[in-house]
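Biologist: Hey, got a minute to walk me through a structure? I'm still new to this, so plain words please.

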Amino acid sequence: MHSLADLPRFTLARVFTEWELSPVLAALTVLAVGVYVVGVLRLQGRGDRWPVGRSLSFGLGIAAFVLATQSGLATYDTTLISVHMVQHMILSMVVPLAFALSAPVTLALRTLRTRPRRWLLAVLHSRVLAVLSFPPLAFLLYVISPWALYFSGWYDASLESTYVHEAMHVHLVIVGCLFFWPLVGIDPVPGRVAYPFRLLLVFMTLPFHAFLGVTIMGETRLMGGDWYPELHEGPMGAWLPDPLADQHLAGGILWGSGDLLGLVIFGVLFAQWVRSSLKEGAREDRRLDLLEARTRAGQGGEHR
């Protein structure tokens, strides 16, 4: 474990070797894994099936969260803004998408006892959640949050305070979940809209990521104030890149990864739409077959 003043030169290998424990986020991770695993085991114990794909999605979400908050990305996220930007995109897009596809609410509704299940249903039907998950509002929260982060005192405060820094991580995940859960999630949450509108909302995030990325790339003012220049005055100054050049790289990462991950989510949503249409078509065929069978049975009775 290194202090911030003597971190070695950042490389890709450092992401997997320079781990940094965050007690609060680690505890949240262990709690989430424990609750999910207990739910799956309880279902299996009574002979019910839980899709493997949902468990794999949950595992991917947890792995991405741990990578962003406990690995070398977390160790260097206040040293290089480009590393922070990779962390930001994982927390705001990859983690919420994976969690949404893992259907934890459905799992909870199927395994909780009566009283906790009532509490969960009360939350799902609450006015607060209905407002927060209202698609236009969730979209605005999702696209405005990064602007508020990088062009206000929030980012500077996150560099100075561990509490603010970790709260920012949790905020990115929560806002991402509020936006993506009703769009691509399997759970019965409020805010569900027709598939064409879901595709439109995801598509509309692409220009916002691109515009923010281009704006950061064109900035001549350093985000974080004197934080990064002061790091250059210490032992790491020998290997640290120019802060403004690193900031421009961060903008490029935001632009490129935002578009790439947005297209991945767009593809997931389109595949869900096709699958839903096929299921709806199969249900309609069964309904028509049943109606035809009843009609024939009635005609046969008339001929007797």
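Modeller: Sure, and one term first: a residue is buried if its relative accessible area is under 20%, exposed if over 50%, and partly exposed in between (1.4 Å probe, protein chains only). This is a predicted model, so local features need pLDDT of at least 70, side-chain atom pairs count only at pLDDT 80 or more, and totals for chains, interfaces and linings use all residues. Residues are numbered from 1 along each chain as its sequence is written, and side-chain values use heavy atoms, with hydrogens and water left out.

Biologist: Okay. Is Ala103 buried or exposed?

Modeller: Ala103 counts as buried because its relative accessible area is 0%. It has a positive phi of about 50 degrees although it is not a glycine.

Biologist: Where does Ala103 lie?

Modeller: In the loop between α5 (81-101) and α6 (104-111). Helices here are DSSP runs of H or I with at least four residues, strands are E runs of at least two, and the numbering starts from the N terminus.

Biologist: How many helices and strands does the protein have?

Modeller: There are 14 helices and zero strands.

Biologist: And what box do the C-alpha atoms fill?

Modeller: Roughly 100 × 40 × 35 Å, taken along the principal axes. Of the 304 residues in the protein, 42% are buried.

Biologist: What about contacts between residues far along the chain?

Modeller: A contact means heavy atoms within 4.5 Å. Among contacts between residues at least 6 apart in sequence, 79% join residues at least 24 apart.

Biologist: Can you give me a residue to look at? Say, which residues does Arg42 touch?

Modeller: Leaving aside neighbours within four places in sequence, Arg42 is in contact with Thr111 and Arg113. Arg42 lies in helix α2 (residues 23-45), and it counts as partly exposed because its relative accessible area is 36%. Also look at Arg110: its C-alpha atom is 9.4 Å from that of Arg42, though the two are 68 residues apart along the chain.

Biologist: Neat. And what does Leu112 touch?

Modeller: Arg117 and Leu120, not counting residues up to four places away in sequence. Leu112 lies in the loop between α6 and α7 (114-124). With 35% relative accessibility, it counts as partly exposed. From Leu112 to Trp273 you go 161 residues in sequence and 30 Å in space, C-alpha to C-alpha.

Biologist: New topic: charges. Why do people look for charged pairs?

Modeller: Side chains of opposite charge can pair when their charged atoms come close. The rule for a salt bridge is a side-chain nitrogen of Lys or Arg within 4 Å of a carboxyl oxygen of Asp or Glu.

Biologist: How many salt bridges does that rule give?

Modeller: Three. Arg14 meets Glu18 at 3.7 Å, N to O. Arg46 meets Asp48 at 2.7 Å, N to O, and Glu219 meets Arg221 at 3.8 Å, N to O.

Biologist: In the first pair you named, is Glu18 buried or exposed?

Modeller: Glu18 is buried, since its relative accessible area is 11%. Arg14 counts as partly exposed, at 25% relative accessibility.

Biologist: And the pair with Asp48?

Modeller: Asp48 is partly exposed because its relative accessibility is 28%, and Arg46 is partly exposed at 44%.

Biologist: What about patches on the surface? Which residues form the negative one?

Modeller: Asp156, Glu160, Asp226, Glu230 and Glu233 form it. Patches use residues with over 30% relative accessible area and no salt bridge, joining like charges within 9 Å and nonpolar side chains (Val, Leu, Ile, Met, Phe, Trp, Tyr) within 5 Å. Lys and Arg count as positive and Asp and Glu as negative, while His and the chain ends are not counted. The place of a charge is taken as NZ of Lys, CZ of Arg, CG of Asp or CD of Glu.

Biologist: Where is Glu233?

Modeller: In the loop between α13 (227-232) and α14 (243-303). Glu233 counts as exposed because its relative accessibility is 70%.

Biologist: Last one: which residues make the nonpolar patch?

Modeller: Leu12, Phe16 and Trp19, and the patch is about 370 Å². Areas like that come from the Shrake-Rupley method with a 1.4 Å probe, and for residues only the protein chains shown count as cover. Phe16 lies in helix α1 (residues 14-17).
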